[in-house]
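Please look over the sequence and the model below before reading on. The report that follows walks through the sheets, the helices that pack on them, and a few chosen residues.

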Amino acid sequence: MNTNEYYIKRCIELAKNGLGTTYPNPLVGSIIVYKGKIIGEGWHIRAGDEHAEVRAINSVKNQDLLKKSTIYVTLEPCSHFGKTPPCSDLIIEKKIPKIVIGTVDPFAKVAGRGIEKLFLAGRQVTVGVCENECEDLNKRFFTFHRKKRPYVILKWAQTKHGFIAPPDQIVGDIIWISNAYSKQLVHKWRAEEESILVGTNTAIKDNPQLNTRLWKGENPVRVVIDQDLKIPKTHHIFDQSVKTIVFHSKNFKPIDDTNLIFEALDFESKIPTQILEKLHQHNLQSVIIEGGGVTLQNFINEDLWDEARVFTGENAIEIGIKAPILNKNPHSEIQIENDQLNYFYND
(Lines give C-alpha, C1' and ligand atoms only; values in the text may rest on other atoms or scores of the structure.)
Protein backbone atom coordinates (compact mmCIF):
# COMPACT_ATOMS: atom_id res chain seq x y z
CA MET A 1 0.00 0.00 0.00
CA ASN A 2 1.48 3.34 -1.02
CA THR A 3 1.13 6.63 0.85
CA ASN A 4 -1.80 7.95 -1.17
CA GLU A 5 -3.76 4.71 -0.72
CA TYR A 6 -3.10 4.75 3.01
CA TYR A 7 -4.56 8.23 3.41
CA ILE A 8 -7.53 7.67 1.09
CA LYS A 9 -8.44 4.57 3.11
CA ARG A 10 -8.49 6.80 6.18
CA CYS A 11 -10.83 9.14 4.31
CA ILE A 12 -13.13 6.21 3.51
CA GLU A 13 -13.34 5.25 7.17
CA LEU A 14 -14.25 8.82 8.09
CA ALA A 15 -16.89 8.99 5.36
CA LYS A 16 -18.68 5.91 6.69
CA ASN A 17 -19.69 7.92 9.76
CA GLY A 18 -22.29 9.65 7.59
CA LEU A 19 -24.09 6.50 6.38
CA GLY A 20 -27.83 7.09 6.61
CA THR A 21 -27.62 10.83 7.36
CA THR A 22 -26.21 12.48 4.22
CA TYR A 23 -29.00 11.77 1.70
CA PRO A 24 -29.33 12.99 -0.99
CA ASN A 25 -25.64 13.85 -0.79
CA PRO A 26 -22.87 11.24 -1.05
CA LEU A 27 -20.61 9.95 1.72
CA VAL A 28 -17.35 11.89 1.71
CA GLY A 29 -14.29 11.88 3.94
CA SER A 30 -11.28 14.17 3.78
CA ILE A 31 -7.95 14.70 5.54
CA ILE A 32 -5.13 17.24 5.37
CA VAL A 33 -1.55 15.95 5.53
CA TYR A 34 1.56 18.02 6.25
CA LYS A 35 5.01 16.38 6.23
CA GLY A 36 3.56 12.90 6.75
CA LYS A 37 1.27 13.94 9.60
CA ILE A 38 -2.51 14.28 9.53
CA ILE A 39 -3.30 17.79 10.71
CA GLY A 40 -6.98 17.94 9.79
CA GLU A 41 -9.92 15.57 9.29
CA GLY A 42 -13.56 15.86 8.35
CA TRP A 43 -16.54 14.05 6.88
CA HIS A 44 -19.91 15.08 5.52
CA ILE A 45 -22.59 14.67 8.18
CA ARG A 46 -25.84 15.73 6.54
CA ALA A 47 -27.20 17.64 3.55
CA GLY A 48 -26.96 21.38 4.06
CA ASP A 49 -24.03 21.12 6.47
CA GLU A 50 -20.40 21.75 5.62
CA HIS A 51 -18.81 19.29 3.22
CA ALA A 52 -15.96 17.00 4.25
CA GLU A 53 -13.24 19.18 2.69
CA VAL A 54 -14.51 22.27 4.52
CA ARG A 55 -14.57 20.44 7.86
CA ALA A 56 -11.08 19.09 7.29
CA ILE A 57 -9.70 22.53 6.32
CA ASN A 58 -11.41 24.25 9.26
CA SER A 59 -10.04 21.67 11.69
CA VAL A 60 -6.43 22.64 10.92
CA LYS A 61 -5.20 24.78 13.81
CA ASN A 62 -2.38 26.48 11.91
CA GLN A 63 -3.98 27.59 8.65
CA ASP A 64 -0.60 28.71 7.25
CA LEU A 65 0.34 25.02 6.90
CA LEU A 66 -2.37 24.54 4.29
CA LYS A 67 -0.13 26.20 1.68
CA LYS A 68 2.37 23.34 2.11
CA SER A 69 -0.09 20.47 2.59
CA THR A 70 -1.95 17.82 0.63
CA ILE A 71 -5.70 17.38 0.87
CA TYR A 72 -7.10 13.90 0.39
CA VAL A 73 -10.78 13.34 -0.41
CA THR A 74 -12.80 10.27 -1.42
CA LEU A 75 -14.90 12.10 -4.03
CA GLU A 76 -14.19 14.93 -6.44
CA PRO A 77 -14.65 18.33 -4.73
CA CYS A 78 -17.84 20.04 -5.86
CA SER A 79 -17.66 22.98 -8.26
CA HIS A 80 -21.21 24.34 -8.05
CA PHE A 81 -23.26 26.36 -5.59
CA GLY A 82 -25.85 24.20 -3.87
CA LYS A 83 -26.77 24.53 -0.21
CA THR A 84 -23.07 25.28 0.39
CA PRO A 85 -20.36 27.03 -1.69
CA PRO A 86 -18.05 25.00 -3.98
CA CYS A 87 -15.34 23.07 -2.14
CA SER A 88 -12.97 23.41 -5.11
CA ASP A 89 -13.09 27.20 -4.67
CA LEU A 90 -12.15 26.91 -0.99
CA ILE A 91 -9.22 24.61 -1.79
CA ILE A 92 -7.96 27.17 -4.32
CA GLU A 93 -8.56 30.06 -1.92
CA LYS A 94 -6.54 28.32 0.82
CA LYS A 95 -3.69 27.75 -1.68
CA ILE A 96 -3.51 24.01 -1.00
CA PRO A 97 -1.00 22.84 -3.63
CA LYS A 98 -1.77 19.09 -3.88
CA ILE A 99 -5.11 17.32 -4.10
CA VAL A 100 -5.56 13.53 -4.10
CA ILE A 101 -9.02 12.30 -5.11
CA GLY A 102 -10.53 8.83 -4.85
CA THR A 103 -13.01 9.02 -7.70
CA VAL A 104 -14.84 11.39 -10.02
CA ASP A 105 -18.33 12.54 -9.00
CA PRO A 106 -21.06 11.18 -11.35
CA PHE A 107 -23.46 13.99 -10.42
CA ALA A 108 -24.09 16.06 -13.57
CA LYS A 109 -23.36 19.39 -11.88
CA VAL A 110 -19.89 18.19 -10.86
CA ALA A 111 -18.74 15.33 -13.16
CA GLY A 112 -15.14 16.47 -13.70
CA ARG A 113 -15.73 20.19 -13.35
CA GLY A 114 -14.23 20.34 -9.87
CA ILE A 115 -11.08 18.58 -11.05
CA GLU A 116 -10.86 20.83 -14.10
CA LYS A 117 -11.16 23.93 -11.92
CA LEU A 118 -8.29 22.72 -9.70
CA PHE A 119 -6.09 21.96 -12.73
CA LEU A 120 -6.77 25.38 -14.23
CA ALA A 121 -5.74 26.95 -10.92
CA GLY A 122 -2.34 25.29 -11.28
CA ARG A 123 -2.81 22.66 -8.58
CA GLN A 124 -1.25 19.19 -8.65
CA VAL A 125 -4.19 16.80 -8.85
CA THR A 126 -4.11 13.00 -8.56
CA VAL A 127 -7.32 11.11 -9.38
CA GLY A 128 -8.32 7.44 -9.04
CA VAL A 129 -6.65 6.38 -5.80
CA CYS A 130 -8.54 3.38 -4.32
CA GLU A 131 -11.15 4.15 -6.95
CA ASN A 132 -13.12 0.91 -6.61
CA GLU A 133 -13.32 1.26 -2.85
CA CYS A 134 -14.44 4.87 -3.14
CA GLU A 135 -17.14 3.91 -5.64
CA ASP A 136 -18.30 1.09 -3.37
CA LEU A 137 -18.52 3.57 -0.50
CA ASN A 138 -21.08 5.51 -2.54
CA LYS A 139 -22.71 2.58 -4.34
CA ARG A 140 -26.16 4.06 -3.62
CA PHE A 141 -25.24 7.51 -4.95
CA PHE A 142 -23.50 6.09 -8.04
CA THR A 143 -26.33 3.67 -8.86
CA PHE A 144 -28.90 6.45 -8.54
CA HIS A 145 -27.06 8.79 -10.92
CA ARG A 146 -25.73 6.21 -13.38
CA LYS A 147 -28.61 3.72 -13.61
CA LYS A 148 -31.41 6.17 -12.76
CA ARG A 149 -32.81 3.91 -10.05
CA PRO A 150 -32.27 3.25 -6.35
CA TYR A 151 -29.69 0.79 -5.07
CA VAL A 152 -31.66 -2.39 -4.31
CA ILE A 153 -31.01 -4.56 -1.26
CA LEU A 154 -32.98 -7.79 -0.84
CA LYS A 155 -33.41 -9.12 2.68
CA TRP A 156 -35.13 -12.17 4.08
CA ALA A 157 -34.88 -14.75 6.85
CA GLN A 158 -35.35 -18.42 6.10
CA THR A 159 -35.45 -21.60 8.14
CA LYS A 160 -32.81 -24.28 7.78
CA HIS A 161 -35.32 -26.10 5.57
CA GLY A 162 -35.69 -23.08 3.25
CA PHE A 163 -39.03 -21.58 4.34
CA ILE A 164 -39.78 -17.94 5.15
CA ALA A 165 -43.17 -18.47 6.86
CA PRO A 166 -45.57 -21.25 7.89
CA PRO A 167 -48.44 -22.02 5.51
CA ASP A 168 -51.24 -20.89 7.82
CA GLN A 169 -49.90 -17.75 9.47
CA ILE A 170 -52.55 -15.80 11.39
CA VAL A 171 -52.75 -12.07 10.59
CA GLY A 172 -50.53 -10.14 13.01
CA ASP A 173 -48.96 -13.31 14.41
CA ILE A 174 -45.32 -13.02 13.28
CA ILE A 175 -43.21 -16.19 13.43
CA TRP A 176 -39.65 -15.07 14.12
CA ILE A 177 -37.01 -17.07 12.29
CA SER A 178 -33.93 -15.01 13.18
CA ASN A 179 -32.79 -14.10 16.69
CA ALA A 180 -32.98 -10.80 18.59
CA TYR A 181 -29.46 -9.73 17.56
CA SER A 182 -30.24 -10.25 13.88
CA LYS A 183 -33.48 -8.33 14.32
CA GLN A 184 -31.61 -5.36 15.78
CA LEU A 185 -29.11 -5.48 12.91
CA VAL A 186 -31.99 -5.26 10.44
CA HIS A 187 -33.21 -2.09 12.17
CA LYS A 188 -29.69 -0.67 11.85
CA TRP A 189 -29.85 -1.41 8.12
CA ARG A 190 -33.18 0.37 7.89
CA ALA A 191 -31.57 3.49 9.37
CA GLU A 192 -28.94 3.36 6.63
CA GLU A 193 -31.33 3.16 3.65
CA GLU A 194 -33.75 5.73 2.23
CA SER A 195 -36.74 3.44 1.75
CA ILE A 196 -38.13 0.02 2.65
CA LEU A 197 -40.58 -2.03 0.59
CA VAL A 198 -42.95 -4.93 1.27
CA GLY A 199 -45.65 -6.66 -0.73
CA THR A 200 -49.37 -6.91 -0.01
CA ASN A 201 -49.43 -10.25 1.82
CA THR A 202 -46.53 -9.29 4.07
CA ALA A 203 -48.22 -5.99 4.94
CA ILE A 204 -51.53 -7.75 5.72
CA LYS A 205 -50.23 -10.78 7.64
CA ASP A 206 -47.34 -9.18 9.55
CA ASN A 207 -48.82 -5.68 10.01
CA PRO A 208 -45.22 -4.36 10.11
CA GLN A 209 -44.21 -0.91 11.33
CA LEU A 210 -41.13 -0.82 9.06
CA ASN A 211 -39.33 1.66 11.31
CA THR A 212 -36.08 1.83 13.28
CA ARG A 213 -37.49 1.35 16.78
CA LEU A 214 -34.59 -0.97 17.77
CA TRP A 215 -31.88 1.40 16.52
CA LYS A 216 -31.26 5.13 16.72
CA GLY A 217 -31.65 6.63 13.27
CA GLU A 218 -33.99 8.07 10.69
CA ASN A 219 -36.96 5.96 9.63
CA PRO A 220 -36.88 5.02 5.94
CA VAL A 221 -39.73 5.96 3.62
CA ARG A 222 -42.19 3.06 3.71
CA VAL A 223 -43.22 1.57 0.38
CA VAL A 224 -45.96 -1.01 -0.05
CA ILE A 225 -47.50 -2.80 -3.03
CA ASP A 226 -51.28 -2.88 -2.63
CA GLN A 227 -52.83 -3.40 -6.06
CA ASP A 228 -56.48 -3.48 -4.94
CA LEU A 229 -56.07 -1.39 -1.78
CA LYS A 230 -57.09 -4.28 0.43
CA ILE A 231 -54.66 -3.70 3.30
CA PRO A 232 -56.80 -2.70 6.32
CA LYS A 233 -56.63 1.05 6.97
CA THR A 234 -56.07 0.23 10.66
CA HIS A 235 -52.68 -1.34 9.86
CA HIS A 236 -49.45 0.45 10.82
CA ILE A 237 -48.62 1.16 7.19
CA PHE A 238 -51.39 3.78 7.10
CA ASP A 239 -50.72 5.49 10.46
CA GLN A 240 -48.85 8.38 8.76
CA SER A 241 -46.08 8.28 11.36
CA VAL A 242 -43.63 7.93 8.48
CA LYS A 243 -43.83 9.02 4.84
CA THR A 244 -45.42 6.11 2.98
CA ILE A 245 -45.83 5.38 -0.73
CA VAL A 246 -48.59 2.95 -1.77
CA PHE A 247 -48.40 1.37 -5.22
CA HIS A 248 -51.87 0.42 -6.46
CA SER A 249 -53.80 -0.37 -9.63
CA LYS A 250 -54.32 2.54 -11.98
CA ASN A 251 -58.05 1.74 -11.80
CA PHE A 252 -58.11 3.42 -8.38
CA LYS A 253 -57.63 7.11 -7.74
CA PRO A 254 -57.20 7.60 -3.98
CA ILE A 255 -56.49 11.03 -2.54
CA ASP A 256 -52.98 11.64 -1.18
CA ASP A 257 -52.70 12.71 2.43
CA THR A 258 -49.97 14.56 4.32
CA ASN A 259 -47.65 11.58 4.79
CA LEU A 260 -49.40 9.12 2.50
CA ILE A 261 -48.76 9.06 -1.25
CA PHE A 262 -50.57 6.86 -3.76
CA GLU A 263 -48.85 5.91 -7.01
CA ALA A 264 -50.56 3.98 -9.82
CA LEU A 265 -48.85 1.10 -11.60
CA ASP A 266 -49.74 -1.01 -14.61
CA PHE A 267 -49.87 -4.46 -13.02
CA GLU A 268 -49.89 -6.09 -16.46
CA SER A 269 -46.35 -4.85 -17.07
CA LYS A 270 -43.00 -5.30 -15.28
CA ILE A 271 -43.78 -4.20 -11.74
CA PRO A 272 -40.22 -3.97 -10.29
CA THR A 273 -39.11 -1.77 -13.19
CA GLN A 274 -42.03 0.59 -12.67
CA ILE A 275 -41.48 0.71 -8.91
CA LEU A 276 -37.82 1.66 -9.26
CA GLU A 277 -38.67 4.34 -11.81
CA LYS A 278 -41.19 5.83 -9.38
CA LEU A 279 -38.77 5.68 -6.44
CA HIS A 280 -36.16 7.42 -8.57
CA GLN A 281 -38.70 10.17 -9.27
CA HIS A 282 -39.12 10.50 -5.50
CA ASN A 283 -35.31 10.97 -5.27
CA LEU A 284 -34.82 7.82 -3.17
CA GLN A 285 -31.29 6.50 -3.61
CA SER A 286 -31.80 3.11 -1.97
CA VAL A 287 -34.49 0.61 -1.08
CA ILE A 288 -34.33 -2.46 1.14
CA ILE A 289 -36.93 -5.05 0.16
CA GLU A 290 -38.06 -7.12 3.13
CA GLY A 291 -40.72 -9.32 1.54
CA GLY A 292 -42.64 -11.25 0.85
CA GLY A 293 -41.46 -14.15 -1.21
CA VAL A 294 -43.29 -13.19 -4.41
CA THR A 295 -42.08 -9.60 -4.31
CA LEU A 296 -38.48 -10.64 -3.67
CA GLN A 297 -38.60 -13.23 -6.43
CA ASN A 298 -39.99 -10.70 -8.91
CA PHE A 299 -36.99 -8.40 -8.37
CA ILE A 300 -34.64 -11.39 -8.71
CA ASN A 301 -36.33 -12.57 -11.90
CA GLU A 302 -36.06 -9.10 -13.46
CA ASP A 303 -32.42 -8.91 -12.34
CA LEU A 304 -33.17 -5.65 -10.53
CA TRP A 305 -31.14 -6.08 -7.38
CA ASP A 306 -27.66 -5.15 -6.22
CA GLU A 307 -27.16 -7.17 -3.06
CA ALA A 308 -29.03 -9.68 -0.93
CA ARG A 309 -28.72 -10.32 2.79
CA VAL A 310 -30.13 -13.68 3.82
CA PHE A 311 -30.48 -14.97 7.37
CA THR A 312 -30.80 -18.69 8.04
CA GLY A 313 -32.15 -19.43 11.50
CA GLU A 314 -32.57 -22.53 13.60
CA ASN A 315 -36.37 -22.49 13.29
CA ALA A 316 -37.53 -26.00 12.37
CA ILE A 317 -40.51 -25.12 10.15
CA GLU A 318 -40.53 -27.87 7.52
CA ILE A 319 -43.49 -26.75 5.42
CA GLY A 320 -44.83 -23.37 4.39
CA ILE A 321 -43.88 -20.56 2.05
CA LYS A 322 -40.64 -21.28 0.23
CA ALA A 323 -37.77 -18.79 0.33
CA PRO A 324 -36.86 -16.96 -2.89
CA ILE A 325 -34.54 -18.76 -5.29
CA LEU A 326 -31.26 -16.93 -5.80
CA ASN A 327 -28.83 -18.77 -8.03
CA LYS A 328 -25.72 -17.13 -6.65
CA ASN A 329 -22.94 -18.21 -4.35
CA PRO A 330 -22.59 -16.08 -1.22
CA HIS A 331 -19.84 -13.49 -1.30
CA SER A 332 -19.36 -13.73 2.46
CA GLU A 333 -21.04 -15.04 5.58
CA ILE A 334 -21.03 -14.26 9.28
CA GLN A 335 -22.46 -15.99 12.33
CA ILE A 336 -24.79 -14.09 14.67
CA GLU A 337 -25.29 -16.42 17.63
CA ASN A 338 -27.24 -19.30 16.06
CA ASP A 339 -28.11 -17.38 12.87
CA GLN A 340 -26.07 -17.49 9.68
CA LEU A 341 -26.04 -14.33 7.57
CA ASN A 342 -25.02 -14.63 3.93
CA TYR A 343 -24.23 -11.66 1.69
CA PHE A 344 -24.77 -11.92 -2.07
CA TYR A 345 -23.79 -9.36 -4.72
CA ASN A 346 -25.18 -9.05 -8.24
CA ASP A 347 -21.89 -8.43 -10.04
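## The nine-stranded sheet

An open sheet of nine strands, with mixed pairing, follows the order β11-β10-β9-β8-β12-β6-β13-β16-β15. The edges of this sheet are formed by β11 and by β15 (332–336), each of which pairs on one side only, and the twist from one strand to the next averages 20°. Please keep in mind that this is a predicted model.

Within the sheet, β6 and β13 pair in the parallel sense, and six bridges connect them. Trp156 stands opposite Val310 in β13.

Two helices can be placed against this sheet. Helix α9 lies across β6, β8 (195–198), β9, β10, β11 and β12, and runs at about 140° to β11. Helix α10 also packs on the sheet, where α10 touches β6, β8, β9 and β12, and the direction of α10 makes about 135° with that of β6.

## The nonpolar cores

In soluble globular proteins, nonpolar side chains tend to be buried together. The largest nonpolar core of this model has 30 residues, and those with the most contacts inside it are Leu154, Trp156, Ile275 and Leu279. Two or more residues come from each of β6 (151–158), β9 (221–225), β10 (244–249), β11 (260–265), α9 (271–281), β12 (286–291), α10 (293–301) and β13 (307–312). Among these elements, α9 gives the most to this core, with four residues.

Which residues does Ile275 touch, not counting residues up to four places away in sequence? Ile275 touches Leu197, Ile225, Phe247, Leu265 and Phe299. Apart from this core lies another core, of 27 residues, which includes Tyr34, Ile39, Cys87 and Leu118.

## The five-stranded sheet

A second open sheet to consider has five strands in the order β2-β1-β3-β4-β5, again with mixed pairing. Because β2 (37–43) and β5 (124–127) stand at the edges and have a single partner strand each, one side of each is left without a neighbour in the sheet. Neighbouring strands of this sheet are turned by 15° against each other on average, if direction is ignored. Helix α4 (residues 113–120) packs on the sheet, touching β4 (98–103) and β5, and its direction makes about 150° with that of β5.

Strand β1 can be followed residue by residue. Six of the six residues of β1 are buried; Gly29, Ile31 and Val33 point one way from the strand, while Ser30, Ile32 and Tyr34 point the other way. Strand β1 (residues 29–34) runs antiparallel to β3 (residues 70–75), to which four bridges join it, and β1 is also antiparallel to β2, with six bridges between these two strands. In the hairpin of β1 and β2, which has two residues between the strands, Lys35 takes a positive phi near 50°. The partners of three residues of β1 are listed here.

| Residue in β1 | Partner | Strand of the partner |
|---|---|---|
| Ser30 | Val73 | β3 |
| Ile32 | Ile71 | β3 |
| Val33 | Ile38 | β2 |

## Helix α7 and its surroundings

Helix α7 (residues 180–192) has 13 residues and reaches 19 Å from its first C-alpha to its last, which is close to the 18 Å expected at 1.5 Å a residue. At the start of α7, a side-chain oxygen of Asn179 comes to within 3.0 Å of the backbone nitrogen of Tyr181. The buried residues of α7 are Ser182, Val186, His187, Trp189, Arg190, Ala191 and Glu192.

Is Ser182 buried or exposed? Ser182 counts as buried, because its relative accessibility is 0%. The side chain of Ser182 makes a polar contact of 2.7 Å with the side chain of Asp339, and, leaving aside neighbours within four places in sequence, Ser182 is in contact with Phe311, Ile336 and Asp339.

Thr212 lies in the loop between α8 (200–206) and β9, and Thr212 is buried, with a relative accessible area of 6%. Not counting residues up to four places away in sequence, Thr212 touches His187, Arg190 and Ala191, as well as Gly217, Glu218, Asn219 and Pro220.

Asn201, which lies in helix α8, is partly exposed, with a relative accessible area of 48%. The C-alpha atoms of Asn201 and Gly293 are separated by 9.4 Å, although these residues are 92 residues apart along the chain.

Key: Residues numbered from 1 in each chain as written. Predicted model: local features only at pLDDT ≥ 70, side-chain atom pairs only at ≥ 80, totals over all residues. Heavy atoms only, no water. Expected span 1.5 Å × (residues − 1). Buried < 20%, exposed > 50% of the residue type's maximum accessible area, 1.4 Å probe, protein only. Polar contact = N/O pair within 3.5 Å; in protein donor to acceptor, adjacent residues only side chain to side chain. Pairing = 2+ DSSP bridges. Axes fitted to C-alpha atoms, helices over the stretch in contact; angles between N-to-C directions. Contact = heavy atoms within 4.5 Å. Core = buried A, V, L, I, M, F, W, Y, C linked by side-chain atoms within 4.5 Å.
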